[in-house]
Amino acid sequence: MLLGTVVAFGKKALTISTEDGNQFYAPADELSPSVTDKLRWPVERFLVSFEVDKTRICGETLSGPRYYAQYVMTIKNNA
């Protein structure tokens with residue numbers, strides 16, 4: 001599992017960024033209820049853990065491909 005910060009979200013997905021600058025696309029159906037409960041405007045960044053699906057890509061960033069994230073959940077002390 002990787003750790004990252006939620007940096008943006010919309011109705012269908014959110015974007016997670018890791019410390020090294022990589023970004024991941026997390027579709028809404030991959031988010032645990034603990035994550036969806038924390039999504040508010042304006043965006044307040046919070047830590048999540050997730051697995052990477054390297055078989056699917058949603059665009060590119062300067063750091064490389066934006067892979068899909070799956071099994072996204074909040075960190076216990078961050079819930």
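In which sense, parallel or antiparallel, do strand S1 and strand S4 pair? Select residues 2-9 for S1 and residues 47-61 for S4, and you will find an antiparallel pairing over four bridges. Keep in mind throughout the tour that you are looking at a predicted model.

**Stop 1: the S1 and S4 pair**

Stay with these two strands and pick out two of their partners. Leucine 2 has phenylalanine 50 of S4 as its bridge partner. Glycine 4 is matched in S4 by valine 48. Remember valine 48, as we will meet this residue again later.

**Stop 2: the whole barrel**

Now show every strand at once. Five strands make a closed barrel, in the order S1-S2-S3-S5-S4, and the pairing is mixed. Going from one strand to the next, the twist averages 45°.

**Stop 3: the hairpin of S2 and S3**

Select residues 13-17 for S2 and residues 23-27 for S3. These strands are antiparallel to each other and are held by five bridges. To see one opposing pair, colour leucine 14 and alanine 26, the latter in S3. Between the two strands of this hairpin there are five residues. In the turn, click on glycine 21, whose phi is positive, about 95°.

**Stop 4: from S3 across to S5**

How many bridges join S3 to S5? There are two, and here the strands run parallel. Select residues 64-74 to bring up S5. Phenylalanine 24 and tyrosine 67 of S5 make a good pair to highlight, as they stand opposite each other.

**Stop 5: from S5 to S4**

Keep S5 on screen and add S4 again. Eight bridges connect this antiparallel pair. Among the matched residues are glutamate 51 and its bridge partner in S5, glutamine 70. The link from S4 to S5 is a hairpin through two residues.

**Stop 6: the nonpolar core**

Switch on side chains and select Leu14, Ile16, Val48 and Val72. In the largest nonpolar core, which has 15 residues, these four touch the most other members. S1, S2, S3, S4 and S5 each give two or more residues to this core, and S5 provides the largest share, with three. As a general rule, nonpolar side chains in soluble globular proteins tend to be buried together. Two of these core residues are already familiar: Leu14 from the pair with alanine 26, and Val48 as the partner of glycine 4.

**Stop 7: a nonpolar patch outside**

Next, turn to the surface and select Met1, Tyr71 and Met73. Together they form a nonpolar patch there, with about 340 Å² of accessible area. Methionine 1 sits in the segment before S1. Its relative accessibility is 57%, so methionine 1 counts as exposed. Tyrosine 71 belongs to strand S5 and counts as partly exposed because its relative accessibility is 48%. Check the backbone of tyrosine 71 too: its phi is near 55°, a positive value in a residue other than glycine.

**Stop 8: the salt bridge**

Which two side chains meet in a salt bridge? Select aspartate 53 and arginine 56, and set a distance label from N to O: it should read 2.9 Å. A search of the whole structure turns up one salt bridge. How covered are the two partners? Aspartate 53 has a relative accessible area of 12%, so this residue is buried. Arginine 56 is partly exposed, at 33%.

**Stop 9: the loop between H1 and S4**

For the last stop, find helix H1 (33-36) and follow the chain into the loop between this helix and S4, where aspartate 37 has its place. Aspartate 37 is exposed, with a relative accessible area of 52%. Now add lysine 76. Along the sequence, aspartate 37 and lysine 76 are 39 residues apart, while in space they are 14 Å apart, C-alpha to C-alpha.

Finally, move to proline 42, found in the loop between H1 and S4. Look at the peptide bond that joins tryptophan 41 and proline 42: this bond is cis, with omega at about -10°.

Technical notes:
Residues are numbered from 1 along each chain as its sequence is written. This is a predicted model: local features need pLDDT of at least 70, side-chain atom pairs count only at pLDDT 80 or more; totals for chains, interfaces and linings use all residues. Side-chain values use heavy atoms; hydrogens and water are left out. Two strands pair if DSSP finds at least two bridges between them. Axes are lines fitted to C-alpha atoms, for helices over the stretch in contact, and angles run from 0 to 180 degrees between N-to-C directions. Patches are made of residues with over 30% relative accessible area and no salt bridge: like charges are joined within 9 Å, nonpolar side chains (Val, Leu, Ile, Met, Phe, Trp, Tyr) within 5 Å. Accessible areas come from the Shrake-Rupley method with a 1.4 Å probe; for residues, only the protein chains shown count as cover. A salt bridge is a side-chain nitrogen of Lys or Arg within 4 Å of a carboxyl oxygen of Asp or Glu. Buried means under 20% relative accessible area, exposed over 50%, partly exposed in between (1.4 Å probe, protein chains only). A nonpolar core is a set of buried Ala, Val, Leu, Ile, Met, Phe, Trp, Tyr and Cys residues joined through side-chain atoms within 4.5 Å.
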